[in-house]
Each structure stands twice: as C-alpha cells, then as structure tokens.
Amino acid sequence: YQLVESGGGLVQPGESLKLSCTASGFTLEYYAVAWFRQAPGKDREGILCISRSGENTSYVTSEKDRFSASRDNAKNTVYLQIDSLKPDDTGAYYCAADRSALYYWCTASWSEQHYIYDGWGRGTQVTVSS
C-alpha cells in the first residue's frame, strides 16, 4: 500500500512540469487524490484535489490558472501539471489518497483536514531557479 510521487527536478522559471502519483498495492481509481506542496520553512498547503470520476477538480483559488490534474486509471496514476513555474513554486510536492470522497466530488475539507487521507507519498522535490 504505497503512493510514489515522481517527476520533480530543477527547472527554470516559465517552464512546465508534469508530476506523477502512482499507487501500488491498491486501486487509485477508488480514491480522490489531492496534491500538496511544502515550501522550505512553511506548512504543507493544498494545491488541488481531483475527484474519483476525474470530472471535477477542486482548487485552492490562487493556484487555479497554472495547475491542473488528470487521471490514468490504467496506469494507476494521477498527474499534476504545473505551468509557468515560478521560484515560489519551489518545494516538496506530495499526493494523498482519500477513500471517503464521493465519486464526483472531493471531500469539502480536502485542503485542511489532512487526517482524512488514507495514504501519503514521500514527495518529489521541485526547484525553480534560473
């Protein structure tokens, strides 16, 4: 029962990245999946949550334009696309899986109540620097 994030690295401002969150030992299709970011010296903060159906994504309002998520059930993977990267995007990126969410919607408190998640990955580091 494991979530593994990948795809991070060192990128220049303005570039894009696509992070992956792959599950092993369980079927990610049955879970809403949220992405979080933790900048150095700061608390972990929510970015977005994609529903089990993949049809709805809930965002932290300030991040909606540059972040998007998608699912590939055949690969048991959820992706986070980040465009127009900024130095402030630097940090560790984590995914988390929520089995309690309804099919079409993430749990309303997905970004605040971290205890709702059944599992977390160990994170992938993104560094944005010129």
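Select C21 and show its contacts, meaning heavy atoms within 4.5 Å. Leaving aside residues up to four places away in sequence, C21 touches L3, V4, E5, L28, V33, W35, N76, T77, V78 and C95. Before you go on, know that this is a predicted model, where local features need pLDDT of at least 70 and side-chain atom pairs count only at pLDDT 80 or more, while totals for chains, interfaces and linings use all residues. Residues are numbered from 1 along each chain as its sequence is written, and side-chain values use heavy atoms, with hydrogens and water left out.

**Stop 1: around C21**

Stay on C21 and colour by secondary structure. C21 is found in strand β3; helices (H or I, at least four residues) and strands (E, at least two) are DSSP runs, numbered from the N terminus. Is C21 buried or exposed? C21 has 0% relative accessibility, so it counts as buried. For these labels, buried is under 20% relative accessible area, exposed is over 50%, and partly exposed is in between, using a 1.4 Å probe and protein chains only.

Now add Y94 to your selection. C21 and Y94 are 73 residues apart in sequence, yet C-alpha to C-alpha they are 8.3 Å apart in space.

**Stop 2: the disulfides**

Next, show the cysteine side chains. A disulfide is a covalent bond between the sulfur atoms of two cysteines. The rule used here is a pair of cysteine sulfur atoms within 2.5 Å. How many disulfides does a search of the whole structure find? The search turns up two.

Pick C21 and C95 for one of them: their sulfurs sit 2.1 Å apart, S to S. This pair links distant parts of the chain, with C21 in strand β3 (residues 17-24) and C95 in strand β9 (residues 91-98), 74 residues apart. The torsion about the S-S bond is about 75 degrees, so this disulfide is right-handed. C95 has 0% relative accessibility, so C95 counts as buried.

Then jump to C49 and C106, joined by a disulfide with an S to S distance of 2.0 Å. C49 is in strand β5 (residues 45-50) and C106 is in the loop between β9 and β10 (119-120), so the pair ties together parts that are 57 residues apart in sequence. The link of C49 and C106 is left-handed, with -95 degrees about the S-S bond. Both of these cysteines are buried. Count the bonded cysteines along the chain and you get the pattern 1-3, 2-4.

**Stop 3: the sheet that holds β3**

Switch to cartoon view and find β3 again. Strands of a sheet pair through backbone hydrogen bonds, either parallel or antiparallel. Here, two strands pair if DSSP finds at least two bridges between them. Which strands form the open sheet, and in what order? There are four, running β1-β3-β8-β7, and the pairing is antiparallel. At the edges stand β1 (2-6) and β7 (67-72), each with a single partner strand, so one side of each is left without a neighbour in the sheet.

Zoom in on β3 and strand β8 (residues 77-82), which pair in the antiparallel sense over six bridges. Look across from C21 and you'll meet V78 in β8.

**Stop 4: the salt bridges**

Last stop: select R37 and D89. Side chains of opposite charge can pair when their charged atoms come close. The rule for a salt bridge is a side-chain nitrogen of Lys or Arg within 4 Å of a carboxyl oxygen of Asp or Glu. By this rule the count is three.

Where do D89 and R37 lie? Their salt bridge has its closest N and O atoms 2.8 Å apart. D89 lies in the loop between β8 and β9 and R37 in strand β4 (residues 32-38), so the pair ties together parts that are 52 residues apart in sequence. R37 is buried, at 5% relative accessible area, and D89 is buried too, at 1%.

Add E45: R37 forms a salt bridge with E45, with the closest N and O atoms 2.9 Å apart. E45 is partly exposed, at 38% relative accessible area.

Finally, add R66, which forms a salt bridge with D89 at 2.8 Å between the closest N and O atoms. With R37, E45, R66 and D89 all selected, you're looking at one network joined by salt bridges that share partners.
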